[in-house]
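Reader: I have a few labels to check. Please give the value and the cut-off behind each one.

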Amino acid sequence: MNWGFLRKIKAVHVLSVLLAAAVAAIIALLLRDVDLSPHVAFAREHAALAGAVIALASLVTVTFATWMNWRATRRQATLEAWTKWSDDTVAERKLISKMLGPRELTSAQAQALAHGSSELPTRPIRILGVIVRRGTAPPLFTDTERANLVHAAVAVLNGLERLAVGVELGVYRRAVLVDAGGTIIKRTFERFEPYIAIRRTHPEPQRRQEKAYVALEKLAMQIRYKEVDAERLESLRRQP
């Protein structure tokens, strides 16, 4: 929870109450020696109109206060959701970086994760136009390593997809989410784009997910360079 933000909200509320009390005290002092009889008579004659004006003012005040509270609630919910995703996926993101490196997934890595192939065919060896051997390269991952990597990748991507859907539905604020983790969101999608593309076009219909991570893609593509740490993003892209 962002306690600093909550303290700011509380301070604003306290300041508003104190300001209202000060204004009321000043008005009372100014009207202390004023004959209000004519004004009271006028108010009695126009009681209905005065009531309507007061009701309208109250409605506007309540509406504004509700809107401000809703904005504050969305900000808090967005920060809490981002913090939870970040904390909950620390181990998964470390495993991904250790096993796959810091750059975008290669085609071979994406294929191995998506299809679960334990062996990757090599190109045929030809001698005088005759194929003499068609071997297989060593698997990129053991079955256990692949299972752990797929679990980690799905946990990371699913979490970001839920945040992106929350932005689309208005549950979370896009600006707050981008400020908190725009660089990570954009970079994570870029890294896993080859894997996501394969999942969307998987040859087996029962494993094909044509709409996999579409909300995350939309959010990542909409994040502009001026909204993120561009220098850090480029540095991550250049890592060997």
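Reader: Why does Trp82 count as buried?

Author: A caution before the answer: this is a predicted model. Trp82 has 9% relative accessibility. Buried means under 20%. Trp82 therefore counts as buried.

Reader: Where does Trp82 lie, and which residues is Trp82 in contact with, leaving aside its neighbours within four places in sequence?

Author: Trp82 lies in helix H3, residues 47–88. Beyond those sequence neighbours, Trp82 is in contact with Leu160, Leu163, Leu177, Ala180, Gly181, Ile184 and Ile185. Contact here means heavy atoms within 4.5 Å. For Leu177 there is also a backbone value: its C-alpha atom is separated from that of Trp82 by 7.1 Å. Along the chain, Trp82 and Leu177 are 95 residues apart.

Reader: What makes H7 and H8 oblique to each other?

Author: Helix H7 (residues 174–200) and helix H8 (residues 214–222) pack at about 125°. Angles of 65 to 115 degrees count as roughly perpendicular, and those over 145 as roughly antiparallel. The angle of about 125° falls in neither class, so H7 and H8 are oblique. Their axes are 7 Å apart, and the crossing is left-handed.

Reader: Which residues of H7 and H8 meet?

Author: From H7 come Arg174, Leu177, Ile185, Lys186, Phe189 and Arg200. From H8 come Val214, Leu216, Glu217, Leu219, Ala220, Met221 and Gln222. By class, this contact has eight nonpolar, one polar and four charged residues.

Reader: Is Tyr213, in the loop between H7 and H8, buried or exposed?

Author: Tyr213 has 6% relative accessibility. The cut-off for buried is under 20%. Tyr213 therefore counts as buried. Its backbone deserves a look too: phi is positive, about 60°, although Tyr213 is not a glycine.

Reader: How do you know that Arg187 is buried?

Author: Arg187 has its place in helix H7. Its relative accessibility is 4%. Set against the limit of under 20%, that value means Arg187 counts as buried.

Reader: What lies 3.2 Å from a polar atom of the Arg187 side chain?

Author: The backbone oxygen of Pro102. A polar contact requires N or O atoms within 3.5 Å, and this pair lies at 3.2 Å.

Reader: Which residues of helix H5 are buried, and what covers them?

Author: In H5 (residues 107–115), Gln109, Ala110, Ala112, Leu113 and Ala114 are buried. Their cover includes helix H4 (90–100), helix H6 (143–169) and H7.

Conventions: Residues numbered from 1 in each chain as written. Predicted model: local features only at pLDDT ≥ 70, side-chain atom pairs only at ≥ 80, totals over all residues. Heavy atoms only, no water. Axes fitted to C-alpha atoms, helices over the stretch in contact; angles between N-to-C directions. Helix = DSSP H or I, 4+ residues; strand = E, 2+ residues; numbered from the N terminus. Parallel < 35°, antiparallel > 145°, perpendicular 65-115°, else oblique. Left-handed = near helix turned anticlockwise from the far one by under 90°. Nonpolar A, V, L, I, M, F, W, Y, C, P; charged D, E, K, R; others polar. Buried < 20%, exposed > 50% of the residue type's maximum accessible area, 1.4 Å probe, protein only. Polar contact = N/O pair within 3.5 Å; in protein donor to acceptor, adjacent residues only side chain to side chain.
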